Amino acid sequence: MARHTDGEVYDLLAPVVVDAGLFLEEVRTSRAGSKSVVRVVVDLPEDELGSLDLDGVADVSRAISDALDETDVLPGAYTLEVGTPGTSRPLTTPRHFRRARGRLVRLDRRDGTSTTTRLVDVVDDVLHCVADGSDESTQIPLTDVAVGHVEVELKRAAEAFGADEEA
């Protein structure tokens, strides 16, 4: 049985995901008994805001499955798991930060300090941020940030679904 590499599977799937209008974030393969397990993480392009919906994940999953079935990059049976990065993904690349525009983020800086701010934009590897309730802009070079994290905002989620603030 030929052994594949994650890179070979990535190279096969990247054009399929791009054709679906998405970005291929990650491909990991492993063995589980006699089967391969293929874990694929897809995301919207970096210039888009929002999240990938379940229909989009289902559509790209079918296209990925078809591409895997048409080649011998994974001989034998496999289990395919396709998902999105979600809010728990650490923000480590300029692309990750661009996808988080408009979100509240916690930035862990290289000097050991942390700050929580709203990410407005990323221009020339500089984060443009504002404190909630403020018009005052702060610019933070990406080189000063060790890692960022999207903060889940329950209040904004409740507002989006029309929930009463008093509830």
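The following exercises, with worked solutions, concern a predicted model of a protein chain.

**Exercise 1.** Determine how many helices and strands the chain contains, and in which pattern they follow one another.

*Solution.* The count comes to four helices and eight strands. Reading along the sequence then gives the pattern α-β-β-α-β-α-β-β-β-β-β-α.

**Exercise 2.** Establish the strand order of the five-stranded open sheet, and explain why one side of E7 and of E8 lacks a neighbour.

*Solution.* The strands are arranged as E7-E6-E5-E4-E8, with antiparallel pairing. Strand E7 (137-141) and strand E8 (145-150) are at the edges and have a single partner strand each, so one side of each has no neighbour in the sheet. From one strand to the next, the twist averages 45°.

Within this sheet, E5 (residues 114-123) and E6 (residues 126-130) are joined by five bridges in the antiparallel sense. Val123 is located opposite Val126 in E6.

**Exercise 3.** Identify which residue lies over the face of Phe23, and state how many aromatic pairs the structure holds.

*Solution.* The residue over the ring face of Phe23 is Arg95, at 3.7 Å from the ring centre. A charge counts as sitting over a ring if CZ of Arg is within 6 Å of the ring centre and within 35 degrees of the ring normal. As for aromatic pairs, the structure has zero.

**Exercise 4.** Describe what the burial, surface and contact values are for the chain.

*Solution.* Of the 167 residues, 35% are buried. The accessible surface is about 9900 Å², with 49% belonging to carbon and sulfur atoms. Among contacts with a separation of 6 or more, 52% involve residues 24 or more positions apart.

Technical notes
Residues numbered from 1 in each chain as written. Predicted model: local features only at pLDDT ≥ 70, side-chain atom pairs only at ≥ 80, totals over all residues. Heavy atoms only, no water. Phe/Tyr/Trp six-rings, centres within 6.5 Å; stacked < 30°, edge-to-face > 60°. Pairing = 2+ DSSP bridges. Helix = DSSP H or I, 4+ residues; strand = E, 2+ residues; numbered from the N terminus. Axes fitted to C-alpha atoms, helices over the stretch in contact; angles between N-to-C directions. Buried < 20%, exposed > 50% of the residue type's maximum accessible area, 1.4 Å probe, protein only. Contact = heavy atoms within 4.5 Å. Areas by Shrake-Rupley, 256 points an atom, 1.4 Å probe, with all protein chains shown as cover.
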